[in-house]
Amino acid sequence: MSGILDLLSSDLGKSIISGVAGQTKQPQNKTQDVLTMALPVLMQAMKRNASTPQGADGLLSALNNKHDGSILDNLGGLFGDGVDNDVLDDGGKILGHVLGNKQQNVTSALGAKAGMDAGSVAQILKVAAPILMGVLGKQSRQQKVSNQGGIESLLGGLLSGNSPQQEQSFLESILDADGDGSVIDDVAGMVLGGNKKKGGLGGLLGGLFGGK
């Protein structure tokens, strides 16, 4: 299975990037940078939450109901008239649930690296979070995920790369960072530069929808 970032270089990913950029009135290249760094962080946080039975049940329930992947079926409609407040409110709730009290540190660190204020980063993540949940919902249905082991395996598979332990320890570091942005430099280097091999965080979100 391909990683979560391979999606961003697929046609679907390009639609998501341009839609989120238009919605948040941010440059497309910076929006892509923020999403490239943020999606693995959000997934690592979800994986952390799913490591408890209660967290796994909550995530599975969301994926089986509201976030079943249907949001991906009409992205043109989603972005066409501007993302409605229900979706944005939902995005805010997802971020609050997934990141908890780390939310401000994460947005500040991402903003420092992308050259964008934390408020704009937060808006991008609010729009992107329900779409990311839709991606997970679609994968969960395809793989018939029904328990804690299944959801952890799904998230782990989407995060795995050529050096998953190293990469995931970086992602953990961001979630534990004090907001000074220093840890994100290492992640940005891995995600945005150098590592172009498929499957690593650098190639990371397409086979996702290629049926692999």
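**Notes on an all-helix model**

1. Let's start with one residue, in what is a predicted model. Asn64 has a relative accessible area of 48%, so it counts as partly exposed. That label covers values between the two cut-offs, under 20% for buried and over 50% for exposed. You'll find Asn64 in helix 3. Now look for Ser140: it sits 76 residues away from Asn64 in sequence, yet their C-alpha atoms are 8.2 Å apart in space.

2. Next, zoom out. What does the secondary structure come to? The count is 10 helices and zero strands. Read from the N terminus, the order of elements is simply α-α-α-α-α-α-α-α-α-α. If you're tracing the chain on screen, helix 1 covers 11-24, helix 7 covers 118-142 and helix 8 covers 148-159.

3. How much of the protein is buried? Of its 212 residues, 50% fall in the buried class. As for the outside, the protein exposes about 9,200 Å², and 46% of that area is supplied by carbon and sulfur atoms.

4. The second largest pocket deserves a look too. Its volume is about 170 Å³. Helix 2 (28-49), helix 3 (53-64) and helix 5 (85-99) are the elements that each give two or more residues to its lining. Which of the helices gives the most? That's helix 3, with four residues. Try picking out some of the lining residues yourself: they include Met46, Asn49, Gly58, Leu59, His67, Ile94, His97 and Met133.

5. What classes of residue line that pocket? Seven of the lining residues are nonpolar and five are polar, while none is charged. Val98 and Ala62 are among the residues in the lining, and both Val and Ala count as nonpolar. Gly55 is there as well, and glycine goes with the polar group in this scheme.

6. Finally, check two lysines with an unusual backbone angle. Most residues other than glycine have a negative phi. Lys25, however, has a positive phi, near 55°. It lies in the loop between helix 1 and helix 2. Is Lys25 buried or exposed? Its relative accessible area is 72%, so Lys25 is exposed.

7. Lys144 is the other one. Its phi is positive as well, near 55°, and its place is the loop between helix 7 and helix 8. With a relative accessibility of 69%, Lys144 is over the 50% cut-off and therefore counts as exposed.

Definitions and conventions: Residues are numbered from 1 along each chain as its sequence is written. This is a predicted model: local features need pLDDT of at least 70, side-chain atom pairs count only at pLDDT 80 or more; totals for chains, interfaces and linings use all residues. Side-chain values use heavy atoms; hydrogens and water are left out. On a 1 Å grid over the protein atoms alone, a cavity is a set of points where a 1.4 Å probe fits but cannot get out, and a pocket is an open set with protein on both sides within 12 Å along at least five of seven lines; lining residues have an atom within 4 Å of a point. Grid points are joined across faces, edges and corners, and a volume is the space filled by probe spheres set on the points. Buried means under 20% relative accessible area, exposed over 50%, partly exposed in between (1.4 Å probe, protein chains only). Accessible areas come from the Shrake-Rupley method with a 1.4 Å probe; for residues, only the protein chains shown count as cover.
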